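Open the model in your viewer and keep the selection panel at hand. Each stop below tells you what to pick next and what you will find there.

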Amino acid sequence: MFCVIRLRQLGSITAWLCFALAAFILLRSISAVRVLRAVELLENSPVLVIDAGHGGFDGGAIAVNGVRESDINLAIAQKLELIAAFSGQRTLMTRNDDSRRTDFLAYSEHEDLAYRAELANQQPNAVLVSIHQNFYPTTQPYGAQVLYADDPRSTKLGQITQNNLVGCLQPENRRLAEPALKTLYLTSHVNGPAILVECGFLSNYNEMEKLMQDSYQTAIATVLLASYLQFLPEMNSL
């Protein structure tokens with residue numbers, strides 16, 4: 001009788017162990033599927049490609065006080081990258097410094113732009129935001145302006161960004177977002193949505209001083225990210 005009871009208990013324990021093992025395997029499988037699904041969603045999520053215009057020997061526009069456009073572009077781009085990362089967005093910088101552009105004899109503007117376009121095109125679901133500063137022979141012009149690639153998604157992103165820059169930072173700005181010229185290499189050669197943001201005029205003294213301020217650079221970066229986030233829900237429906 002004792003042996004029969006022990007056998008029954010052993011059978012019951014074995015059954016529970018089998019059940020626990022099956023449950024464990026099932027839970028592990030579900031967790032693995034969830035992890036794989038999360039990784040898949042992450043890999044397919046949009047990538048904000050942040051392009052700090054110019055760099056190295058190519059300083060872009062030079063303000064009257066000697067400040068280079070490329071340095072302001074990079075400062076805003078780095079702030080945008082930090083804010084985007086804090087918001088959980090995937091980002092890619094086309095440059096973090098001037099290291100690729102220090103050899104004057106080897107530098108080619110065309111090759112550099114082709115490199116940046118290819119970097120963006122290698123990323124699935126890439127959205128390019130190229131950061132620049134404007135310049136004019138006289139000091140009167142001012143205000144940010146967004147130029148967008150010739151496609152519906154870029155147009156939408158450009159209009160959202162222009163409206164937000166004006167509404168949040170420059171209510172007196174009457175400039176409108178416009179299609180980029182075909183001669184602009186990046187907006188013509190990037191496959192995904194692409195905009196070029198002229199953040200302001202270095203030839204305008206008041207605007208130049210603001211563009212050099214850390215707080216104003218952060219404000220521009222914040223508006224650019226907010227515009228990108230506003231655009232994302234509509235990205236795949238256009």
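Start with the largest nonpolar core of this predicted model, which has 38 residues. Select Leu48, Ile76, Leu80, Ile131, Val197, Ile220 and Leu224: these touch the most other members. Now colour by element. β1 (47–52), α2 (69–86), β3, β4, α4, β6, α6 (205–211) and α7 each supply at least two residues of this core. Which of them gives the most? It is α7, with 9 residues.

Next, zoom in on Leu48. Leaving out residues up to four places away in sequence, show what Leu48 touches. You should find Leu80, Ala84, Arg90, Thr91 and Leu92 among the contacts. Val127, Val129, Leu225 and Tyr228 are on the list too.

Now select Val47, Val49, Ala117 and Leu186. They are among the 11 residues of a second, separate core.

**Strand β6**

Move on to β6, residues 194–201. Is this strand buried or exposed? 8 of its 8 residues are buried, so β6 is largely enclosed by the rest of the structure. The cut-off for buried is under 20% relative accessible area.

Add strand β3, residues 126–134. β3 and β6 run parallel, joined by 6 bridges. To see a pair, pick His132 and look across to β6: Glu198 stands opposite.

Then add strand β4, residues 145–148. Here the pairing is antiparallel, with 4 bridges between β4 and β6. Pick Tyr148 this time; Ile195 in β6 stands opposite.

**The cavity**

Last stop: empty space. Rolling a probe the size of a water molecule over the atoms shows where such space is left. How many cavities of 30 Å³ or more does the structure hold? There is 1. The largest cavity has a volume of about 30 Å³.

Select its lining: Val129, Leu157, Thr161, Ile195, Leu224, Ser227 and Tyr228. Some of these you have already met. Ile195 is the residue opposite Tyr148, Leu224 is one of the core residues that touch the most other members, and Val129 and Tyr228 both touch Leu48.

Colour the lining by residue type. It divides into 5 nonpolar and 2 polar residues, with no charged ones. Then colour by element. α4 (152–168) and α7 (214–235) each supply at least two lining residues. α7 gives the most here, with 3. That helix also gives the most to the largest nonpolar core, a good place to end the tour.

How values were computed:
Residues numbered from 1 in each chain as written. Predicted model: local features only at pLDDT ≥ 70, side-chain atom pairs only at ≥ 80, totals over all residues. Heavy atoms only, no water. 1 Å grid on protein atoms, 1.4 Å probe; cavity = no way out; pocket = protein on both sides within 12 Å on 5 of 7 lines; lining within 4 Å. Points joined across faces, edges and corners; volume = space filled by probe spheres on them. Nonpolar A, V, L, I, M, F, W, Y, C, P; charged D, E, K, R; others polar. Buried < 20%, exposed > 50% of the residue type's maximum accessible area, 1.4 Å probe, protein only. Pairing = 2+ DSSP bridges. Core = buried A, V, L, I, M, F, W, Y, C linked by side-chain atoms within 4.5 Å. Contact = heavy atoms within 4.5 Å.
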